[in-house]
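Welcome! Take a moment to turn the model around on your screen, and then let us walk through it together.

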Amino acid sequence: MRCLQTASEERLWSLLRREVLGVRVRRQHVLLGWIVDFYVPAWRLVIEVDGSVHDARTEDDARRDEARVRAGARVLRLRVEEIDASPEVLLTRIRAHTP
């Protein structure tokens with residue numbers, strides 16, 4: 001069963017699903033018991049899209065991110081506003097978090 005995605009997550013998925021990064025990206029992937037917005041298995045990269053609701057959950061987000069990093073993953077948090085930037089800028093930011 002797939003969870004609902006925000007409009008920003010849908011926009012990002014429409015870009016990432018075409019394998020423009022040269023690797024497969026999974027959306028709404030379960031990792032360590034939590035659902036991450038996007039996961040790039042080849043790079044062990046978690047991509048989370050943060051809107052205003054995350055402003056009040058910084059401690060919870062930090063705790064989850066810390067657990068993911070301890071498990072060997074990288075975590076990239078993108079603000080909703082960044083998703084609306086040009087695709088080239090967004091892809092450059094994601095590629096900067098690759099191994």
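Two strands count as paired if DSSP finds at least two bridges between them. With that in mind, look for the sheet in this predicted model: four strands form an open sheet in the order β1-β2-β3-β4, and their pairing is mixed. At the edges sit β1 (26-31) and β4, each of which pairs on one side only. Neighbouring strands of the sheet are turned against each other by 45 degrees on average, with direction ignored.

You can follow one of these pairings in detail. Five bridges hold β1 and β2 together in the antiparallel sense. H29 is a good place to start, with V36 in β2 as its bridge partner.

Now bring in a helix. α4 lies across β3 and β4, and its direction makes an angle of about 155 degrees with β4.

**The nonpolar cores**

Which residues have the most contacts inside the largest nonpolar core? They are L12, L16, L21, F38, I47, L78 and I94, in a core of 19 residues. The elements that give two or more residues to this core are α1, β2 (34-40), β3, β4 and α4. The largest share comes from α1, with four residues.

L16 makes a handy viewpoint here. Leaving aside its neighbours within four places in sequence, L16 is in contact with L21, V25, F38, I47, L91 and I94. There is also a second, separate core of six residues, and V36, Y39, V46 and V75 are among them. You have met V36 already, as the bridge partner of H29.

**The salt bridges**

How many salt bridges does the structure hold? There are twelve, and three of them are set out below.

| Salt bridge | Closest N to O distance |
|---|---|
| D84 and R11 | 2.8 Å |
| R77 and D50 | 2.7 Å |
| D60 and R63 | 3.8 Å |

Let us visit each pair in turn. The side chains of D84 and R11 meet in a salt bridge. This pair links distant parts of the chain, 73 residues apart: D84 is in the loop between α3 (80-83) and α4 (87-95), while R11 belongs to helix α1 (residues 7-16). Is D84 buried or exposed? Its relative accessibility is 51%, so D84 counts as exposed, because the exposed class begins over 50%. Its partner R11 has a relative accessible area of 39% and is therefore partly exposed.

The side chains of R77 and D50 also meet in a salt bridge. Here too the pair links distant parts of the chain, with R77 in strand β4 (residues 74-79) and D50 in strand β3 (residues 45-50), 27 residues apart. Both R77 and D50 are buried.

D60 and R63 form a salt bridge within one element. Both lie in helix α2 (residues 58-70), three residues apart, which is about one turn of the helix. D60 is partly exposed, with a relative accessible area of 35%, and R63 is partly exposed as well, at 46% relative accessibility.

Some salt bridges share partners, and in this way E48, D50, D61, R64, D65, R68 and R77 are joined into one network. The buried pair from the table, R77 and D50, is part of that network.

Definitions and conventions:
Residues numbered from 1 in each chain as written. Predicted model: local features only at pLDDT ≥ 70, side-chain atom pairs only at ≥ 80, totals over all residues. Heavy atoms only, no water. Salt bridge = Lys/Arg side-chain N within 4 Å of Asp/Glu carboxyl O. Buried < 20%, exposed > 50% of the residue type's maximum accessible area, 1.4 Å probe, protein only. Core = buried A, V, L, I, M, F, W, Y, C linked by side-chain atoms within 4.5 Å. Contact = heavy atoms within 4.5 Å. Axes fitted to C-alpha atoms, helices over the stretch in contact; angles between N-to-C directions.
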